[in-house]
Every structure is written in C-alpha cells, then in structure tokens.
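Subject: A structure for you to look at

Hi,

Here's the structure I promised to pass on. Have a look at it first, then read my notes below.

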Amino acid sequence: MRAAGYYRVSTDEQGASLEAQRAGAHAWCVAHGAELVAEYCDEGVSGAEWLKRPGVAALQGDAARTPRPWD
C-alpha cells in the first residue's frame, strides 16, 4: 500500500510536534506494511483556515489525479 501523510502545526512553538507527527506516520507505515510515498505539511497555518492551507490544496490536487500517487 502506498500511503500519504499530512502534518500541521499552527505556530513555530509547536515545531517539535511536526516531527512527532511525521515519526508517527512512518511508524504506522512500518507496522502496517505501507510505504510512505507522499507527505503534505502546513506549518504555521491556522486550523481555522482549512481551505487556504497549501498542504491541504496539494493533497486534494493529488487525490483528484488519475492514477493517484498513493492509495
């Protein structure tokens, strides 16, 4: 299975959290026999700005592609 990870933190103060999210995604992939083939990240973007997040926009764009780069 090809997997994608999405990570978000709202401020620089939570920077370590971004790495924790990434590590968690990698650990999940290892545990489930998946390959992490794409990562999307929004760092320093408000949680209220869902549609304006560049990482979300990139993820949505890839989700609309045929074939998708991940399962």
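Let's start with a small one: in which helix is the place of Val30? It belongs to α1, the helix that covers residues 15-32. Val30 has a relative accessible area of 69%, and since anything over 50% counts as exposed, that is why Val30 is called exposed.

Before you go further, keep in mind that this is a predicted model.

Now the overall picture. There are 2 helices and 2 strands in the chain, and if you walk along the sequence you meet them in the pattern β-α-β-α. Put a box around the C-alpha atoms, along the principal axes, and you get roughly 35 × 25 × 15 Å. Of the 71 residues in the chain, 25% are buried. The accessible surface is about 4600 Å², and carbon and sulfur atoms account for 54% of that.

How do distant parts of the sequence meet? Take the contacts between residues at least 6 apart in sequence: 59% of them join residues that are at least 24 apart.

On charges, the chain has 7 positive and 10 negative ones, and the mean positions of the two groups sit 8 Å apart.

One negative residue is worth a closer look: Asp42, in strand β2 (residues 35-43). Which side chain of opposite charge is nearest to Asp42? That would be Arg53, 4.9 Å away. A salt bridge needs a nitrogen and a carboxyl oxygen within 4 Å, and Asp42 has no salt bridge even though it is buried. Asp42 does have a polar atom in its side chain that lies 3.3 Å from the backbone nitrogen of Val56. Leaving out neighbours within four places in sequence, the residues in contact with Asp42 include Tyr6, Tyr7, Arg8 and Val9. Arg53, Pro54, Gly55 and Val56 are in contact with Asp42 as well.

Last, a spot to find near the end of your tour. Is the peptide bond between Thr66 and Pro67 cis or trans? It's cis, with omega at about -5°. For background, most peptide bonds are trans. Pro67 is in the segment that comes after α2 (54-64).

And back to where we began: Val30 and Pro67 are 37 residues apart in sequence, and their C-alpha atoms are 24 Å apart in space.

Have fun clicking around!

Cheers

Terms used. Residues numbered from 1 in each chain as written. Predicted model: local features only at pLDDT ≥ 70, side-chain atom pairs only at ≥ 80, totals over all residues. Heavy atoms only, no water. Helix = DSSP H or I, 4+ residues; strand = E, 2+ residues; numbered from the N terminus. Buried < 20%, exposed > 50% of the residue type's maximum accessible area, 1.4 Å probe, protein only. Contact = heavy atoms within 4.5 Å. Areas by Shrake-Rupley, 256 points an atom, 1.4 Å probe, with all protein chains shown as cover. Lys, Arg positive; Asp, Glu negative; His and termini not counted. Charge placed at Lys NZ, Arg CZ, Asp CG, Glu CD. Polar contact = N/O pair within 3.5 Å; in protein donor to acceptor, adjacent residues only side chain to side chain.
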